[in-house]
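User: I'd like a close look at one part of this protein, with its surroundings filled in as you go. Could you walk me through it in plain terms?

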Amino acid sequence: MLHYRPLGKTGAQVSEIAMGCNRLGEAAMPDSHWIELVQRAVELGVTLFDTSESYGWGRSEEILGQALGNRDDVLVASKVSRMRETNAKDFSAARIIQQVEGSLRRLRRERIDLYQLHSPSLADLQRFDWPEAMSRLRDQGKIRFIGVSINDAASGHWLIEQGLVQVLQVGYNLLEHQVGDALFPQAQAAGIGILVRVPMAQGILTGKFRPGEPVAEGHRAHLAGAKMEELIAAAENYRALAAHSNQPLGQFALRYAISPPAVSAAIPGARTVEQLAQNVAASNGAGLSPAELAAVAAVQTRLDAVAAR
């Protein structure tokens with residue numbers, strides 16, 4: 001059974017296991033498959049769906065729109081991304097106001113619950129006049145909450161100090177925990193909602209890979225680039241911990257992601273109903289136990305020391 005948490009101090013509640021929607025609309029499956037997957041997530045109790053205008057360049061938003069429409073018992077989060085034509089970043093107020101209209105249309109919603117900047121640098125955040133657009137869109141009722149999907153702790157610290165966001169999306173998992181460790185205490189104290197992305201490290205923490213074995217072309221693990229083999233080797237250190245806790249490695253990883261009290265939800269992706277059900281089964285209202293977290297911390301300390309050599 002899914003458990004629910006406050007989304008910071010926004011007043012909203014979200015399922016602690018949400019659904020990342022970057023795969024929705026992929027051509028390998030018919031649209032009906034993706035629509036039914038989203039609707040099954042709702043049946044299982046998932047109440048937060050995270051997408052972006054850049055996921056399939058609108059396809060993910062279109063699938064969500066067909067599956068959910070304007071229903072008000074779920075929260076839909078989307079993002080304004082790099083320019084498709086040039087891959088350049090433009091987080092100017094004028095462009096954001098323009099881009100949100102396309103997302104609203106594709107999502108078939110009157111309002112986007114959480115609208116986020118997609119992976120800006122600290123320099124981007126300080127250079128563009130994006131806060132003006134976010135405030136105007138919120139005043140107009142086109143967005144509900146303001147967020148940023150960040151890549152580094154410095155950006156998160158600055159956003160919180162400036163009072164510019166209600167929600168932050170942060171990459172955080174057993175293998176890459178440093179940004180969250182640095183940021184979560186400040187976010188919790190400020191009442192900022194935290195969404196954890198890549199909680200399973202692009203599938204590396206599912207347990208399906210072993211060091212030295214080939215990874216199928218096209219698998220998301222390749223997004224880790226040159227670090228993929230290193231991360232697969234590091235993941236082996238957690239296999240025994242998960243087994244000791246009588247949990248599949250994937251469930252152990254998801255419970256780690258929702259363990260910090262600052263976290264509102266983790267947003268793993270799913271391509272099948274079976275994967276979706278496995279994700280939802282990780283919800284327990286608490287995450288890992290103190291003893292499990294202590295064991296994880298010991299492994300992380302050892303791995304970080306090796307990496308620092």
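Which residues of helix 1 are buried?

Analyst: Happy to help, and please keep in mind that this is a predicted model. In helix 1, the buried residues are H33, W34, I35, L37, V38, A41 and V42. The helix itself covers residues 31-44. Its 14 residues should span 20 Å at 1.5 Å a residue, and since its end C-alpha atoms are 20 Å apart, the two values agree. Just after helix 1 comes G45, which takes a positive phi of about 110 degrees.

What lies over those buried residues? The cover includes strand 3 (19-20), strand 4 (48-50), helix 2 (59-68) and helix 10 (273-281). M19 gives a good view of this neighbourhood. Setting aside neighbours within four places in sequence, M19 is in contact with a list of residues that includes L37, V38 and A41, and L37, V38 and A41 are among the buried residues of helix 1. The contacts of M19 also include L48, F49 and D50, as well as I267, P268, A270 and L276.

From M19 we can step out to the wider interior. The largest nonpolar core has 83 residues, and M19, F49, W130 and L168 are those with the most contacts inside it. The greatest contribution to this core comes from helix 8 (residues 228-244), with seven residues. There is also a second, separate core of 13 residues, among them A12, V14, A265 and I267. I267 is thus a member of the second core as well as a contact of M19. As a general background point, nonpolar side chains tend to be buried together in soluble globular proteins.

L168 leads us on to another region, around strand 8 (167-171). Strand 8 is mostly covered, with four of its five residues buried. On one side, strand 8 pairs with strand 7 in the parallel sense over four bridges, and V167 is the bridge partner of G147. Between these strands the chain passes through helix 6, making a right-handed β-α-β crossover. Strand 8 is also joined to strand 9 by five bridges, and these two run parallel; here G171 stands opposite R197. The chain goes from strand 8 through helix 7 to strand 9, and this β-α-β crossover is right-handed too.

Helix 7 makes a useful companion to helix 1. For its 13 residues (178-190), the expected span at 1.5 Å a residue is 18 Å, and its end C-alpha atoms are 19 Å apart, which agrees. Helix 7 bends by about 40 degrees at F184, with a proline, P185, following within four residues. Its buried residues include G180, L183, F184 and A187. The buried residues of helix 7 pack against strand 7 (143-150), helix 6 (153-162), strand 8, strand 9 (193-197) and strand 10 (263-266). After helix 7 comes G191, with a positive phi near 75 degrees.

One last residue to look at is Q188, which sits in helix 7. Q188 counts as partly exposed because its relative accessibility is 44%, between the 20% limit for buried and the 50% limit for exposed. Not counting residues up to four places away in sequence, Q188 touches P261 and A262. The C-alpha atoms of Q188 and G8 are separated by 7.6 Å, although the two residues are 180 residues apart along the chain.

Notes. Residues are numbered from 1 along each chain as its sequence is written. This is a predicted model: local features need pLDDT of at least 70, side-chain atom pairs count only at pLDDT 80 or more; totals for chains, interfaces and linings use all residues. Side-chain values use heavy atoms; hydrogens and water are left out. A nonpolar core is a set of buried Ala, Val, Leu, Ile, Met, Phe, Trp, Tyr and Cys residues joined through side-chain atoms within 4.5 Å. Buried means under 20% relative accessible area, exposed over 50%, partly exposed in between (1.4 Å probe, protein chains only). Contact means heavy atoms within 4.5 Å. The expected span of a helix is 1.5 Å times one less than its number of residues. The bend at a residue is the angle between axes fitted to the seven residues ending there and the seven starting there. Two strands pair if DSSP finds at least two bridges between them. A crossover is right-handed if, with the strands pointing away from the viewer, the path from the first strand over the helix to the second runs clockwise.
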